[in-house]
Amino acid sequence: MSFPRCALLWARLPPGRQPGPRAAICSALRAHTGPFPGTLGRVPAVACASSSASGGSKSPNTSLFVPLTVKPQGRSADGDVGAELTRPLDKNEVKKILDKFYKRKEIQKLSADYGLDARLFHQAFISFRNYIMQSHSLDVDIHIILNDICFSAAHVDDLFPFFLRHAKQIFPVLECKDDLRKISDLRIPPNWYPEARVLQRKIIFHSGPTNSGKTYHAIQKYLSAKSGVYCGPLKLLAHEIFEKSNAAGVPCDLVTGEERVTVEPDGKQSAHVACTVEMCSVTTPYEVAVIDEIQMIKDPARGWAWTRALLGLCAEEIHLCGESAAIDLVTELMYTTGEDVEVRTYKRLTPIFVLDHALESLDNLRPGDCIVCFSKNDIYSVSRQIEIRGLESAVIYGSLPPGTKLAQARKFNDPGDPCKILVATDAVGMGLNLSIRRIIFYSLMKPSINEKGEKEIEPITTSQALQIAGRAGRFSSKFKEGEVTTMNREDLSLLKEILNRPVDPIKAAGLHPTAEQIEMFAYHLPDTTLSNLIDIFVDFSQVDGQYFVCNMDDFKFSAELIQHIPLSLRVRYVFCTAPINKKQPFVCSSLLQFARQYSRNEPLTFSWLRRYIKWPLLPPKNIKDLMDLEAVHDVLDLYLWLSYRFIDMFPDASLVRDLQKQLDGIIQDGVHNITKLIKISEAHKLLNLQNSSAESQSRLSGTVKSRTRRNHGTKALGSKAAEPLGSGAGEKSLASRLVQQGLLTADMLKQLEREWMTQQTEHGKGRTESGTSLKGTRRKKKEPDSD
């Protein structure tokens with residue numbers, strides 16, 4: 001054993017066990033190596049807390065701290081030095097000492113001062129005890145302290161420095177809480193954009209409802225400027241401004257997450273650019289910037305992009321277009337930057353009326369009607385019912401490719417096309433120019449994600465209702481007046497109530513951690529998963545009252561999906577920010593496959609991608625095939641999105657874009673024949689619209705909200721189709737009560753009656769009384785084939 005090591009062990013021996021002059025050697029060694037944990041003695045709580053305990057305005061959520069594993073020490077090549085200097089430890093005695101240490105209130109109090117609440121203290125102690133008990137040999141310092149405690153030469157509290165050292169090993173966040181708080185301090189966001197702060201920008205807020213001309217006036221300023229940027233919420237809107245600008249003789253480039261288009265022949269960037277709001281540059285100088293739909297600054301997931309554009313764009317004039325609900329917040333935010341806001345208010349250009357009667361039946365449809373649904377199954381069901389009535393309808397919903405949406409919009413707008421009815425989700429609320437006479441809300445209940453990331457089904461908000469209703473009777477359409485109503489009579493009063501409510505002022509703007517902030521977090525917590533890093537970042541973050549941290553559930557979902565794949569943190573972060581629909585299994589598995597290929601340094605070529613998606617693809621034969629094609633289109637979008645971040649690994653963007661256009665055409669043909677696909681799907685029991693409708697109704701039954709979700713056809717309860725299930729005119733039948741609660745519809749009752757009649761015929765039984773009829777219906781519902 002070397003002399004320096006012997007001297008170090010000698011210095012760490014407790015008083016009375018050193019064979020020589022301890023003080024001189026100890027002082028010399030400490031001057032070189034620093035203080036020894038084993039010689040700290042009993043620790044005064046106040047001194048420790050003042051030196052190391054974390055400061056901060058709020059206590060962290062310690063449930064987010066995931067303990068790391070510290071393996072017990074095996075046999076040392078040098079042997080058990082602690083046992084050589086003292087004696088081997090009696091594990092039973094050590095266990096008693098540790099248990100006594102755990103129960104001491106002083107130790108628990110001292111641990112709390114260092115950030116170890118009851119939960120962390122317990123976890124740290126269990127790990128510490130396992131480490132002590134399962135190690136073949138311990139470090140010399142802790143071996144000597146345990147030995148001294150066994151002989152009453154030291155106090156049990158002297159274990160605390162070693163326990164704290166171990167706790168910081170399994171919970172590294174304890175060591176750097178102050179640094180983490182500084183990194184995650186999201187206060188004063190205007191200071192993040194120094195280029196914008198040196199400008200005295202002119203902020204003009206164009207406020208008004210839909211179809212008021214507010215965006216038109218802002219775009220006119222954009223087109224007349226020497227340079228400009230348009231920031232929109234959708235690819236469709238960016239495409240529209242891109243086309244309008246170039247058609248007006250103003251060269252304009254297009255930038256979206258998946259696409260870059262330059263119009264100059266030499267590839268040089270134009271002075272004007274139309275982009276999605278996430279893609280805007282906060283370092284390029286412009287004369288005029290337009291930020292559309294500024295009220296989306298409150299969006300739980302995407303609000304950060306509007307905040308970034310508002311605070312960071314380097315433009316002499318910034319024109320904001322949106323609802324008046326955002327005026328106060330924007331004014332407050334601009335006050336912090338020293339910039340004034342000029343508000344220009346607009347009124348709707350054409351009148352719009354809420355009708356006093358509901359549609360009640362699809363037989364009452366007229367040309368120019370748009371039925372707005374909030375679920376795909378309702379889209380399919382309504383489209384099928386319209387087709388049965390000999391009418392043709394266009395269909396638009398969120399997951400359709402942009403090209404297909406535009407094709408369906410052109411079909412509906414074309415005066416020479418027999419398609420005069422539109423069935424759509426709230427995707428019609430923005431991004432499409434549609435010639436709509438009357439908006440009909442099929443339902444007023446819409447699934448949403450709250451601030452905690454939980455799914456809820458609630459009535460639409462006033463803002464949403466106004467946005468959708470405002471699509472009727474637009475100034476540029478052939479209908480100069482707009483009408484709004486509901487499918488069901490019971491919903492009409494609620495719609496009027498929603499539309500008449502004042503829109504709640506927007507209280508806060510969204511923020512989002514940057515890749516640099518996450519990298520700094522990872523530097524301090526290198527063994528923590530990216531998903532857990534995000535949780536800790538959000539928990540530690542501090543924001544001003546005018547801001548909130550956006551929901552990052554989608555980011556965390558992707559992080560957990562690819563966690564096991566070896567990637568650098570920056571690459572992993574980029575993959576996790578890729579926009580994917582996590583409800584699509586094929587899209588999720590594709591993100592995983594793309595990340596795996598990237599980690600192997602294997603380029604994702606065009607030929608590889610063709611094999612992966614099994615190209616060529618056949619036209620859809622049913623709704624499931626159509627949904628599969630939509631998922632493939634999303635996968636190609638994902639490839640294109642990644643190709644602009646990792647050009648070398650995703651090298652064939654132009655070929656993939658051509659392939660995507662072919663796929664868009666296949667999907668367009670499928671949507672054109674969607675009623676035929678629905679019919680085939682129902683025949684093969686691939687789609688059960690009635691059962692899914694009943695399920696969505698039953699989720700709402702028993703609540704106040706359920707009254708707004710009653711399906712169409714409730715007035716048909718008195719029809720002949722429902723009579724066999726009645727139980728008398730003097731009281732409500734069970735069927736009536738079920739429909740009243742939203743659990744059944746008249747169409748379902750008709751189907752049940754037909755099934756019951758078929759069953760009775762097959763069995764040769766002539767039971768037609770209402771009581772036995774109901775029993776037969778119940779039995780039939782329980783049979784698997786009846787679905």
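**Exercise 1. Take stock of the chain: how many helices and strands does the protein chain have?**

Solution. Start with the secondary structure: the protein chain has 32 helices and 18 strands. Keep in mind that this is a predicted model. Next, turn to burial: 51% of the 787 residues count as buried, which here means under 20% relative accessible area. Then look at the outside, where the accessible surface is about 36,500 Å² and carbon and sulfur atoms hold 53% of that area. Finally, consider contacts with a separation of 6 or more: 75% of them join residues 24 or more positions apart.

**Exercise 2. Find the largest nonpolar core, and say which residues have the most contacts inside it.**

Solution. The largest nonpolar core has 160 residues, and Leu-116, Phe-575 and Phe-594 have the most contacts inside it. Helix α26 (residues 623–643) gives the largest share, 12 residues. Now zoom in on Phe-575: leaving out residues up to four places away in sequence, its contacts include Ile-562, Leu-591, Phe-594, Tyr-598 and Phe-650. Last, look elsewhere: another core, of 30 residues, lies apart from the largest one and includes Val-372, Ile-436, Ile-468 and Leu-494.

**Exercise 3. Trace the open sheet of eight strands, then explain why one side of β4 and of β8 has no neighbour in the sheet.**

Solution. First write down the order, β4-β3-β5-β2-β6-β7-β1-β8, with mixed pairing. Then check the ends: β4 (260–261) and β8 (341–345) are at the edges with a single partner strand each, so one side of each has no neighbour in the sheet. Now pick a pair inside the order: β2 (residues 228–232) and β6 (residues 285–291) run parallel, with four bridges between them. To place this pair in the structure, find Cys-231, whose bridge partner in β6 is Ile-291.

Terms used: Residues numbered from 1 in each chain as written. Predicted model: local features only at pLDDT ≥ 70, side-chain atom pairs only at ≥ 80, totals over all residues. Heavy atoms only, no water. Core = buried A, V, L, I, M, F, W, Y, C linked by side-chain atoms within 4.5 Å. Buried < 20%, exposed > 50% of the residue type's maximum accessible area, 1.4 Å probe, protein only. Helix = DSSP H or I, 4+ residues; strand = E, 2+ residues; numbered from the N terminus. Contact = heavy atoms within 4.5 Å. Pairing = 2+ DSSP bridges. Areas by Shrake-Rupley, 256 points an atom, 1.4 Å probe, with all protein chains shown as cover.
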